[in-house]
Amino acid sequence: MRLDHSFTVPAAPDAAWELFLDLERVAPCLPGAVLDRLDGESFSGRVKVKVGAVQMSYQGSGTVNRDEAARTVVLDREGRESRGTGTAAATVTAVLAADPAGTLVRVRTELALTGRPAQFGRGILAEVSDRIVQQFTARLAEALADPGSSPDEPEAVDLGAAVVPVLLKKAALPAAALVAVAIVVRLLRRR
């Protein structure tokens, strides 16, 4: 599945690029992510995901490739559930460009999931990823504003909290249609 996002970071392109080069500062900006090891172009880490009362933890590894001339960062990563059979693999490409508000970041993610999160479907995963990108953007802005800060280990990203509003929004139209049908049926029965 392919997901496309873009957001603006309130910093000049050079400052934003320096931040994106520093995986130890960027990784904690991603909700639920922890960078355990960084060795040159390879890294390992974990991500905690919470869906209601169920919490899943993924452990994985990946590589990072940087193209300074094009201001492009490519992360190839894959992981496996610590206590389950689910897997996740992603290639994330971030391209930074100058913008009047700072730096425009375009992110393309090629994502493959198996296990419980894969059951949500593309529409819900796209909306959930939008929420995660919003949180990531806010945390990046904080990291840029306070370069000396070192974030604590993040809490699990709560997909349940992100999914429920999406499901309610998707259910609103069918629910309204059912209410309208019920009203029409009631009115017809009175005649």
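Among contacts in the chain between residues at least 6 apart in sequence, those joining residues at least 24 apart make up 57%. The model is predicted. Four helices and eight strands form its secondary structure. Of the 191 residues, 34% count as buried.

**Chain layout**
- Read from the N terminus, the elements follow the order β-α-α-β-β-β-β-β-β-α-β-α.
- The chain exposes about 11200 Å² of surface.
- Carbon and sulfur atoms supply 56% of that exposed area.

**Helix α3**
- Helix α3 covers residues 122-145, a run of 24 residues.
- At 1.5 Å a residue, α3 should span 34 Å.
- The end C-alpha atoms of α3 are 34 Å apart, so the model agrees with the expected span.
- Buried residues near the start of the list for α3 include Ile124, Leu125, Ala126, Val128 and Ser129.
- Ile132, Val133, Phe136 and Thr137 are also among the buried residues of α3.
- Leu140, Ala143 and Leu144 complete the buried set of α3.

**Val95 in strand β6**
- Val95 sits in strand β6, which covers residues 87-99.
- Val95 has a relative accessible area of 29%. This value lies between the 20% and 50% cut-offs, so Val95 counts as partly exposed.
- Val95 and Val105 are 10 residues apart along the chain, yet their C-alpha atoms are separated by 5.6 Å.
- Leaving out residues up to four places away in sequence, Val95 touches Ala70, Arg71 and Thr72, together with Leu104, Val105 and Arg106.

Conventions
Residues are numbered from 1 along each chain as its sequence is written. This is a predicted model: local features need pLDDT of at least 70, side-chain atom pairs count only at pLDDT 80 or more; totals for chains, interfaces and linings use all residues. Side-chain values use heavy atoms; hydrogens and water are left out. Helices (H or I, at least four residues) and strands (E, at least two) are DSSP runs, numbered from the N terminus. The expected span of a helix is 1.5 Å times one less than its number of residues. Buried means under 20% relative accessible area, exposed over 50%, partly exposed in between (1.4 Å probe, protein chains only). Contact means heavy atoms within 4.5 Å. Accessible areas come from the Shrake-Rupley method with a 1.4 Å probe; for residues, only the protein chains shown count as cover.
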